[in-house]
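I opened my notebook to see how two chains meet. Here is what I looked up, one entry at a time.

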Amino acid sequence: MNQTAPSAEVVAAATARGYWSTVLARLSRDKLTVTCALILLGVLLMAICAPLLAPYDPFKGSILKRLLPIGSPGYFLGTDELGRDMLSRLIFGARLSLVMGIAPVLNALVIGATLGVIAGFLGGRINTLIMRTIDVFYAFPSVLLAVAISGALGAGIFNAMVALTIVFIPPIARVTESVTTQVRGLDFVEAARASGANNFTLIRVHVLGNVLGPVFIYATSLISVSMILASGLSFLGLGTKPPEPEWGLMLNTLRTAIYLNPGVAALPGAMIFMVSICFNLMSDGLRAAMDVTQ
Amino acid sequence: MSTTPRALLEVRELRKHFGLKSGIFSKGAGTVHAVDDVSFSVQAGETLGIVGESGCGKSTTARLLMRLIEPDAGRVLLDGRGIGEPGAQGLSVRDARRQMQMVFQDSFASLNPRLTIEDSIAFAPIVHGLSSRQAKSRARDLLAKVGLAPERFAARYPHELSGGQRQRINIARALALEPKIVILDEAVSALDKSVEAQVLNLLLDLKTELGLTYLFISHDLNVVRYMSDRVMVMYLGKVAEIGPVDAIYGRTAHPYTSALLSAMPSMDPARRTQQPPLIGDPPSPIDPPPGCRFRTRCPYAEDVCGERDPVLAAEGGGHYVACQMKKAGSGHSAAPAPIASPPPL
């Protein structure tokens, strides 16, 4: 038996593909998703290599070169209201904007998914306790909640991140809870329970794999919301503080120049728009690719 | 004790009532009597068929035996040891599950879509302490046993297989712990007829090969007759009739069983059923009235049927029936005359 086993494995590996290779193969056929992923990868690389790419210091302004239009010689994307190079600021701005988009969602994913899986799997009183507590947060509109928490904690990048994390925990926990409740009722969980497995093993082997996919996709779509909310906080003076380059804050400070030089003023907005739409489209693509049962 | 061999599985007055909640402030809107004082026993090596309409408590009984739901009352004895009872005479639920496994009706829902076939089958042995390598080699052996080439199927995912293949996997999965008893809860009902026949024959082969005992739950009377040694007929959470398969199909004693049998489609048009079929659905199992639960649809119902619960009475040859018509001196006009009590000495 043991001697024949390895050869059987080789045959099996040749005939059947694993789950992730199936997903990758499906993704590679989806041109839109691939394009979005490449754009996001580009933005990420741009953020990482910002000092190498940026032609000027993003903090250094010049009174003489204020609000140059797009295409000015030496200033490809023009300059802002303090005469700082827009291209350099947009490149450096990607750093903070991406962090503000991704970090709160990741934190909320860890906390919210844990709460949701516990609530959904155990059910009963524990579910009521967790989910009703979560419901309290739904009483406030998310923007208002973020502003309130941020305001209470004080301005600053870290506090804005904490505020956004708190804002995103409830929706992630709720989605996780509902998916977990669905999965928990399926026969294969019953069958696994009937084979004598404890709750921890059941969750690890049978629940997480089926729950995290949809929750992860949902969280991806929240990244764009997080970026926009973070921009909103910066706009209100609660997130990043000037002169730090961040797209939301840049949008705010350039607001005064919208009649003088609308092209330049719209650039940070265009970046936010492009990145968030890429995240949304990519999450749609992932959803389709990860549903292997179709 | 007695001369009869001890039953492998003995169920005593098993009961499960589900409380219905209607809101936060009301205590309850009634109780569903899903399984009500059900008692039966299964000998090692036999197949007990359980039949009945949907909602009669067949599946609830199966889930109670597996302890997937907690019973309200009653005992389940496996090899003479009470499942979930403390002490030396008791048997932990975990150990009981090792000896008793279940195959579900929905072959797709009962396999984790994210695990390969091999991992699904190997899961239970790993939980019970086998190394991953040993468990996988057992999984491959079992795949071969249920008629699927291990090298072709081990690394596949459930959605790549057909319903019949998936149900074979579920059978292999249930056998992975080397149980004594396998509960087949409508295991072939969702398959089409030709595949169903193949899977039934596979089940029969496995039974002889591995010395298994089956609890075969189905609503298909033909299939139950083919598979079972004894048959139990359930109606609204109660046992209506239980006995050897020939007695149930040949010397039917309960009016419900005869109604079920007359509704069974015949292959021979000349032997088409002449009896009127049962009308309507079974009454709601929520707070059922006292007395015989079948009386609302029974053509022979009399006053006595609403007054007293029928109890299982011996018909001879291991055949028991719960009907006032069969109980001597019950007061039903069709009941046999009471046996004269022996004169006091």
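**Confidence first**

I began with how far to trust chain A, since this is a predicted model. Chain A has an average pLDDT of 84, and 93% of its residues score at least 70. I then asked where in chain A confidence is lowest and where it is highest. The low end is α1(A), with a mean of 42, while helix α8 of chain A, residues 157–184, tops the list at 93. For residues 1–15 of chain A, I found pLDDT below 50, and this stretch has 10 contacts in the model beyond near neighbours in sequence. I left myself a reminder: where pLDDT is low, the predicted coordinates should not be read in detail.

**Where the chains touch**

Next I turned to the contact between the chains. I found 29 residues of chain A in contact with 30 residues of chain B. Together the two chains bury about 2700 Å², and carbon and sulfur atoms give 60% of that area. Which three residues of chain A supply more of its buried area than any other three? They are Asp187(A), Ala194(A) and Ser195(A), with 20% of what chain A buries against chain B.

**Pairs across the interface**

I looked for charged partners and found one salt bridge between chain A and chain B. Arg63(B) pairs with Glu190(A), and their closest N and O atoms are 2.5 Å apart. I also noted nine residue pairs in polar contact between the chains, both residues at pLDDT 80 or more.

**Which parts of chain A take part**

Four helices of chain A each give two or more residues to the side touching chain B: α1 (5–15), α2 (19–29), α9 (187–194) and α10 (199–235). Of these, α9(A) gives the most, with seven residues. Sorting this side of chain A by type, I got 15 nonpolar, nine polar and five charged residues.

Definitions and conventions: Residues are numbered from 1 along each chain as its sequence is written. Chains are lettered from A and ligands numbered from 1 in the order in which they are written. This is a predicted model: local features need pLDDT of at least 70, side-chain atom pairs count only at pLDDT 80 or more; totals for chains, interfaces and linings use all residues. Side-chain values use heavy atoms; hydrogens and water are left out. Contact means heavy atoms within 4.5 Å. Buried area is the accessible area (1.4 Å probe) that two parts lose on being put together, summed over both. A salt bridge is a side-chain nitrogen of Lys or Arg within 4 Å of a carboxyl oxygen of Asp or Glu. A polar contact is a pair of N or O atoms within 3.5 Å; within protein, one must be able to donate a hydrogen and the other to accept it, and residues adjacent in sequence count only if both atoms are side-chain atoms. Ala, Val, Leu, Ile, Met, Phe, Trp, Tyr, Cys and Pro count as nonpolar, Asp, Glu, Lys and Arg as charged, and the others, Gly among them, as polar. pLDDT is the predictor's confidence in each residue, from 0 to 100.
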